[in-house]
Amino acid sequence: MFIRKFKALPTYILFILLSWGCTKIDTTDLGANLLPVVDNIHTFDTSLIVVANNIDPFVCDSVYRSDLHGLGIIPNDPYFGKTTGRIYCELKPLTFPFTFPKSDAGMLVIDSAVLVLNYSHTYGDTLLPQKAQVFQLTDLFDADSTYTTCNVFNYDNSILLGEQTFIPARLADSVHGFRENAKNELRIKLSNSFAQGFLTDSALIFKSNTTFKNYFKGFAVITDSIFGGNAINYFDLTSTGTRVSFYIRTTLSAVKDTSIIDFSFSDSSEHGNSIVHERLASEINGHLSRPATGDSLLYIQTAPGSYVQLKIPGLAGFPNTVIHRAELIVDEAYPTPSDPFLTTPNFLYLDQDTSSSVSAHVPIPCDFSIQSQQPNYSYFGGARKRINDGNGTISQYVFNISRYVQSIVTRKNENATLRLQAPYAIVNQTSYTDRCNQLIPAFIFPLNNIAEGGVRLNGTNNTPQRIRLHIIYSAL
């Protein structure tokens, strides 16, 4: 099991261009403007048909401590249906045993208690109100488990600990509370009777981490689906801004003197983030039959979601030539969604299906490499571009697989089945050397945030914007 050390980067990733192990000299390393002119005498270009099929598997993605956690509801995405995100977490003292300021808990009373989640950003409609509700977990966290998006925790819905209606766009506003000035916070007031129990029973609760977990298993933070909303909001549990704050005072003082005690997301705190998709009557349901000729429209939802399987049969008989450039080009289908808030993924990622017992998928041979945990996106591609296709502005994704194609046409290497997806992290389970003698180490690298984005793409059809492999080449 790898420990993920980096937070997902929603808008950019450091791009690094690396050296390669293949013997072919790729002139495009110096820039696409140095490609030879296509004169149809010495240099030619062609576009090969890509047979593409939608795959909508039941996927469970691990959620790590440093990941942004998604909370909210998108009730009716026309492409993908309904998505619900819930957050589960423990907030506790940093060390045990723990005591409140006064040794006699009977001298302390709760003025108020607030659950605070540190806000990052929102995917979806930031102006439509949502309602967050807090309940007590009935499921106990297992310290030895890494929970996935499929782990839906049970909670006691008979006792509402607190709730807060909010507009996502306003979560970034400054908050001026008692002895604090902050911003980027979702603040949910908790019931005083619930909070008072931590004081009343403190002598028993805070002896150890075990006694605390037995008393209180953690918070379940959900979105009230009946109230509505159309967004997934992202929160950083590891931030010092995420906490439960107890505002307390002593009954011995004639003057009301309130102090603050914070329980944070400590090193021993556990967490979970369930992401549930319900396809309902969404468009993707009509494009899952996997026709031999390929799907006309492709649907990719950011993990945990759908992906596309690709085959390029024309490469098998392609003549041995010098490949100057081979680009897989994927265009968003026009018209784009009527809901402008449901944006396309920041990154798509292309990898190879394999029959290996070690991993079902590996990075594209020859054209993908990493160094110091950084993928070579500046060469390989996959970042979203905004272009005008003649109808309007769309998203486009382009992948440079020139060396991979060269290895097929020259050395007759495997013309593999490929996978196009929008993962929240790129994962390679074990190190190995690819067919161009590149060492590919084991790694995990963040790409998109969980469940952030979805796109409908042109598939295998007869339009100029179809998914295609564009090749510029010269005869030997």
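The following exercises, each with a worked solution, concern a predicted model.

**Exercise 1. The open sheet**

Determine the strand order of the open sheet of 5 strands, and state which strands form its edges.

Solution. Strands of a sheet pair through backbone hydrogen bonds, in either a parallel or an antiparallel manner. Step one is to read the order, which is 2-18-26-20-21, with antiparallel pairing. Step two is to find the strands that pair on one side only: these edge strands are strand 2 (51-55) and strand 21 (361-363). Step three concerns the geometry: on average, neighbouring strands of this sheet are turned by 35° against each other, direction ignored. Step four takes one pair in detail. Strand 20 (residues 349-353) runs antiparallel to strand 26 (residues 418-421), and 4 bridges join them. Within this sheet, aspartate 351 has arginine 419, in strand 26, as its bridge partner.

**Exercise 2. The internal cavities**

State how many cavities of 30 Å³ or more the whole structure holds, and describe the lining of the largest cavity and of the second largest cavity.

Solution. Rolling a probe the size of a water molecule over the atoms shows where empty space is left. The search finds 4 cavities of 30 Å³ or more. The largest cavity has a volume of about 70 Å³. Its lining includes Ile74, Tyr123, Ile232, His277 and Gln301, and the lining residues divide into 5 nonpolar, 5 polar and 1 charged. The second largest cavity holds about 40 Å³ of space. Among its lining residues are Pro78, Tyr79, Pro337 and Leu342, and the division here is 5 nonpolar, 1 polar and 1 charged. A final step sets the two lists side by side: Asp77, Phe80 and Gly454 appear in both linings.

**Exercise 3. Backbone exceptions**

Locate the cis peptide bonds before proline 97 and proline 335, and the positive phi values of leucine 280 and asparagine 437.

Solution. Most residues other than glycine have a negative phi, and most peptide bonds are trans. Step one treats the peptide bonds. Phenylalanine 96 and proline 97 are joined by a cis bond with omega of about -5°; proline 97 lies in the loop between strand 4 (81-89) and strand 5 (108-124). The bond from tyrosine 334 to proline 335 is also cis, with omega near 5°, and proline 335 lies in the loop between strand 19 (321-331) and strand 20.

Step two treats phi. Leucine 280 has a phi near 50° and sits in the loop between strand 16 (271-278) and strand 17 (297-301). Asparagine 437 has a phi of about 65° and sits in the loop between strand 28 (432-433) and strand 29 (439-440).

Step three asks whether these residues are buried or exposed. Leucine 280 has a relative accessible area of 53% and is therefore exposed. Asparagine 437, at 62%, is exposed as well.

Methods:
Residues are numbered from 1 along each chain as its sequence is written. This is a predicted model: local features need pLDDT of at least 70, side-chain atom pairs count only at pLDDT 80 or more; totals for chains, interfaces and linings use all residues. Side-chain values use heavy atoms; hydrogens and water are left out. Two strands pair if DSSP finds at least two bridges between them. Helices (H or I, at least four residues) and strands (E, at least two) are DSSP runs, numbered from the N terminus. Axes are lines fitted to C-alpha atoms, for helices over the stretch in contact, and angles run from 0 to 180 degrees between N-to-C directions. On a 1 Å grid over the protein atoms alone, a cavity is a set of points where a 1.4 Å probe fits but cannot get out, and a pocket is an open set with protein on both sides within 12 Å along at least five of seven lines; lining residues have an atom within 4 Å of a point. Grid points are joined across faces, edges and corners, and a volume is the space filled by probe spheres set on the points. Ala, Val, Leu, Ile, Met, Phe, Trp, Tyr, Cys and Pro count as nonpolar, Asp, Glu, Lys and Arg as charged, and the others, Gly among them, as polar. Buried means under 20% relative accessible area, exposed over 50%, partly exposed in between (1.4 Å probe, protein chains only).
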